[in-house]
Each structure stands twice: as C-alpha cells, then as structure tokens.
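Morning, everyone. I'll walk you through one structure, and I'll keep to the open and closed spaces inside it. Here it is on the screen.

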Amino acid sequence: MRFTTHGIAFEYEDVGNGVPLLLIHGFPLDHTVWRSQIEGLQTSARLIAPDLRGFGASGDAPDVMTMDDYADDLQALLHSLSVRQVVVCGLSMGGYIALAFLAKYPDLVKGLILANTRAGADGEQAREGRYANAKKALEEGASVIADAMLPKMLTDTTREHRPSLATFVHSMMARQRATGVAAALKGMAARPDRNEWIKSINVRTLIITARGDTLIPPGEGEAMRKAIAGSTLVVIPDAAHLSNIENPDAFNTAVKEFIGPLK
Ligand code: MLT
C-alpha cells in the first residue's frame with residue numbers, strides 16, 4: 001500500500017486482525033524481512049510494516065536520517081491510518097527507532113518489543129566505521145555492505161543449509177539505494193545513548209535476543225531487561241542477528257504470548 005506525506009511516498013503492508021503491531025525493520029533492509037511475521041501473526045495482530053524512508057519502495061532519504069526522523073515518519077503513517085495506539089516492535093536499527101518513537105510519542109505506545117537491539121550509542125570507533133561505510137556505500141553501492149553483513153545476519157548453519165534464505169537476505173540488502181543506506185548509517189552514528197533513559201520506561205516491554213547474535217550480543221538484551229522494570233527477556237535459539245526470519249516459530253511464539261493480554 002502507499003501513503004504520501006510532505007511529498008514523500010511510503011510503502012507499507014497493513015494486514016491481519018487484532019492489536020496493531022508496528023513492525024520496524026533494521027538496517028539495511030526493508031519490510032519484507034518481516035515476511036514470516038506477516039504470514040504467521042496475521043490472526044493474532046494487525047500488522048503494519050512500512051519500508052523506512054530511503055529503503056524498499058519508500059521515497060528517497062536526505063543526507064542524514066536520524067532515529068527521530070524515522071519516528072516522525074512512522075507517527076505520520078499511523079496518523080493517516082487513524083491508529084491511536086500500537087505495540088511497537090523494532091529489530092536492531094528498528095529497535096533504536098522504537099526507543100526514539102516511545103520517547104517522542106509515548107501516548108501512542110501500548111507495548112514495546114525490542115529485538116536484537118541495544119540502548120547504548122556508538123563509541124568513537126563504531127561512529128568512524130559508520131561514516132567510512134556510508135562513503136563506501138555511496139561510492140561502490142549497497143552490495144559491498146550486503147557482502148560484509150551477511151555472515152553476521154544469519155548463523156553459519158543456516159547459510160550452509162538454507163541457501164535460499166541466505167540469498168533472500170543478501171539480495172534484500174544489496175538492492176537498497178546507497179543514499180538510504182548512507183543516511184541511516186549517519187543517523188545511527190548520531191543516535192543518543194539511552195542506557196539511563198530506558199530505566200524510566202513504564203510500558204509493557206518484551207526484549208528478544210538470539211544466542212548466536214554476534215552483531216548485538218545477548219548481553220545487550222540482558223542489560224535492557226535489568227534496566228526496564230517488569231520487562232521480559234526471550235532468548236531465541238538457532239538464530240543470529242535476524243532472529244525473526246531465522247527462527248520465526250520461536251520469535252512469533254514470543255510475540256503472541258506478549259501481545260495476548262494487550263488485545
Ligand atoms: C541493524 O541490523 O539494524 C544494524 O546492523 C544495527 C547496527 O548497525 O547498529
């Protein structure tokens with residue numbers, strides 16, 4: 001489906017019945033990374049899954065997209081759909097955006113799912129790496145980023161035994177526009193540290209991590225569980241960074257259990 005605001009078009013899926021669940025994809029991906037949730041959670045939730053600005057079939061990004069900028073786009077989308085409250089589910093960069101969304105629009109959030117993500121900001125070295133990768137993407141295209149990231153997205157076992165899933169993820173990353181990739185990298189480099197702020201979260205929260213995630217290790221999820229009072233942590237087995245697509249049964253079960261009481 002298409003939605004246009006301030007001259008920028010957004011592509012999104014809006015399917016299923018139940019509590020509205022806003023699915024925010026990570027980097028450098030698009031909403032199709034949620035295909036197993038769109039298929040498996042349709043009878044449990046209304047799934048709203050947009051392509052973030054600069055990704056997929058949504059409009060072009062400016063030079064930098066901050067996490068707040070993405071959050072503003074998502075608020076505009078929900079407003080256009082007359083959706084008053086959602087469970088926000090963000091994976092990785094989607095989690096950074098979910099936190100920005102909660103900070104800016106707390107009244108719109110009835111639940112929070114933070115998957116394979118962290119609350120902290122980048123250190124100096126990571127920030128420099130982001131700027132170097134942004135330059136590289138603009139000069140050489142998104143496929144260089146895709147090649148470098150694939151081994152961290154899925155476990156070795158999955159890449160070896162489920163080549164079609166590996167190809168699906170790699171081609172999703174490689175087809176993204178370099179401008180969108182660079183804008184997100186610069187935005188992530190500029191994101192604030194929310195390690196202290198998350199201690200004030202008082203909305204129902206589920207934290208998902210994966211045993212094989214080397215990009216954002218399980219310790220990050222454990223730290224958020226300790227910081228957010230009343231939150232729950234689920235550790236997905238047999239998965240690396242993209243736990244939602246690598247082990248969708250475990251991921252979807254955790255989400256269903258979490259949203260059950262929110263209906
Ligand atoms: C993501 O998967 O969204 C990104 O890899 C997160 C990051 O680079 O910090």
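Start with the largest pocket, which holds about 470 Å³ of space. One caution before we go on: this is a predicted model.

Who lines this pocket? The lining of the largest pocket is made up of 20 residues. Nearest its centre you find Arg130, Asn133, Met149, Lys152 and Leu215. Four elements give two or more residues each to that lining. They are helix H3, residues 93–104, and helix H4, residues 124–140, then helix H5, residues 143–153, and helix H8, residues 178–189.

Now the chemistry of the wall. By class, the lining of the largest pocket counts 12 nonpolar residues, 4 polar and 4 charged.

And what takes up the largest pocket? The ligand does.

So let's look at the ligand's own shell. Around the ligand sit Gly26, Phe27, Ser92, Met93 and Tyr96, along with Arg130, Met149, Met188, Leu215 and His241. Sorted by class, the shell has 6 nonpolar residues, 3 polar and 1 charged. Arg130, Met149 and Leu215 are in this shell, and those three are also among the residues nearest the pocket centre.

Next, the polar contacts. I have three for you, each to an oxygen atom of the ligand. Phe27 uses its backbone: a polar backbone atom there is 2.7 Å from a ligand oxygen. Ser92 uses its side chain, with a polar atom 2.7 Å from an oxygen of the ligand. Arg130 also uses its side chain, and again the distance from a polar atom to a ligand oxygen is 2.7 Å.

How much of the ligand does the protein cover? On its own, the ligand has 270 Å² of accessible area, and the protein covers 94% of that.

That is the pocket. Now the closed space. How many cavities of 30 Å³ or more does the structure hold? The count is 1. The largest cavity has a volume of about 60 Å³.

Its lining is a short list. Met67, Tyr96, Leu99, Ala100 and Arg118 are on it, and so are Ala119, Gly120, Arg191, Pro192 and Arg194. H3 gives the largest share of that lining, 3 residues. By class, the cavity lining splits into 6 nonpolar, 1 polar and 3 charged.

One residue to keep in mind is Tyr96. Tyr96 is in the shell around the ligand, and Tyr96 also lines the largest cavity.

That's my tour. Over to you.

Key
Residues are numbered from 1 along each chain as its sequence is written. This is a predicted model: local features need pLDDT of at least 70, side-chain atom pairs count only at pLDDT 80 or more; totals for chains, interfaces and linings use all residues. Side-chain values use heavy atoms; hydrogens and water are left out. A residue is near a molecule or strand if one of its heavy atoms lies within 4 Å of it. A polar contact is a pair of N or O atoms within 3.5 Å; within protein, one must be able to donate a hydrogen and the other to accept it, and residues adjacent in sequence count only if both atoms are side-chain atoms. Accessible areas come from the Shrake-Rupley method with a 1.4 Å probe; for residues, only the protein chains shown count as cover. On a 1 Å grid over the protein atoms alone, a cavity is a set of points where a 1.4 Å probe fits but cannot get out, and a pocket is an open set with protein on both sides within 12 Å along at least five of seven lines; lining residues have an atom within 4 Å of a point. A molecule sits in a cavity or pocket if more than half of its atoms lie within 2 Å of its grid points. Ala, Val, Leu, Ile, Met, Phe, Trp, Tyr, Cys and Pro count as nonpolar, Asp, Glu, Lys and Arg as charged, and the others, Gly among them, as polar. Grid points are joined across faces, edges and corners, and a volume is the space filled by probe spheres set on the points.
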